[in-house]
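Grab a pencil and work through these exercises one by one. Try each task yourself before you read its solution.

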Amino acid sequence: MEQEEEEDCTAQESTEILQLEHHIVYSASYQVPVIYFKASFSDGSPLSHKEIFEYIIPDAYQNAVVSQNDHPILGTPCWYIHPCDTRSLMNTMTFDPLDYIKVWLSVYGPIVKCSVPISMFTE
């Protein structure tokens, strides 16, 4: 009987609903776009830095530089991917300048679960 009680007490995996809100803002100082995002649990409580990396940032991007600061337009606290390496990374790629935002977002978007549909690149 004791063994049955132990089996009944095993922890069940819970599914947490997260809310993500993304904003693209041009950085005048770095002269590149920056992706700002808000991340919260369904009850509205914000995710911590540790939780951002646990729930949002895929394992392949665990070295991403994610910081928190006030949104430059809204003035509310947001997370963002620091733009310090954006210009050098974008300079390594060849693309039509009119596609800059699409290419940039296809690189930086997946880091924060903001994927670009492939249909954006088909004519």
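Some ground rules come first: buried means under 20% relative accessible area, exposed means over 50%, and partly exposed is in between (1.4 Å probe, protein chains only). Helices (H or I, at least four residues) and strands (E, at least two) are DSSP runs, numbered from the N terminus. The model is a predicted one, where local features need pLDDT of at least 70 and side-chain atom pairs count only at pLDDT 80 or more, while totals for chains, interfaces and linings use all residues. Residues are numbered from 1 along each chain as its sequence is written, and side-chain values use heavy atoms, with hydrogens and water left out.

**Exercise 1. List the elements of the chain from the N terminus on.**

Step one: count them, and you get four helices and four strands. Step two: put them in order, which gives α-β-β-α-β-β-α-α. Step three: see how much is tucked away; of the 123 residues in the chain, 29% are buried.

**Exercise 2. Find the buried residues of helix α4 and say what covers them.**

Start with the helix, residues 100–108: V103, W104, L105 and Y108 are the buried ones. A bit of helix geometry helps here: an α-helix has 3.6 residues a turn, so residues three or four places apart point the same way. Now for the cover, using contact to mean heavy atoms within 4.5 Å. The cover over these buried residues includes β1 (18–27), β2 (32–41), β4 (77–81) and α3 (86–90).

**Exercise 3. Work out how the strands pair.**

Two strands count as paired if DSSP finds at least two bridges between them.

- β1 with β2: this pair is antiparallel, with 10 bridges. H23 has Y36 in β2 as its bridge partner. Four residues sit between the strands of this hairpin, and Q31 takes a positive phi near 55°.
- β2 with β4: these run antiparallel too, joined by two bridges. Opposite F37 you'll find W79 in β4.
- β3 with β4: β3 (residues 66–70) pairs with β4 in the antiparallel sense over five bridges. N69 stands opposite C78 in β4. This hairpin has six residues between its strands, and G75 in the turn shows a positive phi of about 75°.

One last step: why is β4 called largely enclosed by the rest of the structure? Four of its five residues are buried, so the label fits β4.

**Exercise 4. Decide whether S27 is buried or exposed, then find what it touches.**

First place the residue: S27 belongs to strand β1. Next, check its accessibility: the value is 11%, so S27 counts as buried. Then look for contacts, leaving out residues up to four places away in sequence: S27 touches V32 and V34. Finally, compare sequence with space: S27 and P83 are 56 residues apart in the chain, but their C-alpha atoms are 8.1 Å apart.

**Exercise 5. Describe the largest cavity and its lining.**

The idea is simple: rolling a probe the size of a water molecule over the atoms shows where empty space is left. On a 1 Å grid over the protein atoms alone, a cavity is a set of points where a 1.4 Å probe fits but cannot get out; a pocket is an open set with protein on both sides within 12 Å along at least five of seven lines; lining residues have an atom within 4 Å of a point. Grid points are joined across faces, edges and corners, and a volume is the space filled by probe spheres set on the points.

Step one: there is one cavity of 30 Å³ or more. Step two: the largest cavity holds about 40 Å³ of space. Step three: its lining is made up of P33, V34, I35, I81, H82, P83, T86, W104 and Y108. Step four: β2 and α4 are the elements giving two or more residues to that lining, and β2 gives the most, with three.

**Exercise 6. Give the volumes of the largest and second largest pockets, and name residues that line them.**

The largest pocket has a volume of about 230 Å³. Among its 13 lining residues, A64, V65, I81, Y108 and I111 lie nearest its centre. Elements giving two or more residues to this lining are α3 and α4.

The second largest pocket holds about 160 Å³. Its lining includes Q19, E21, K38, G44, Q68 and W79. Here, β1, β2 and β4 are the elements that give two or more residues.
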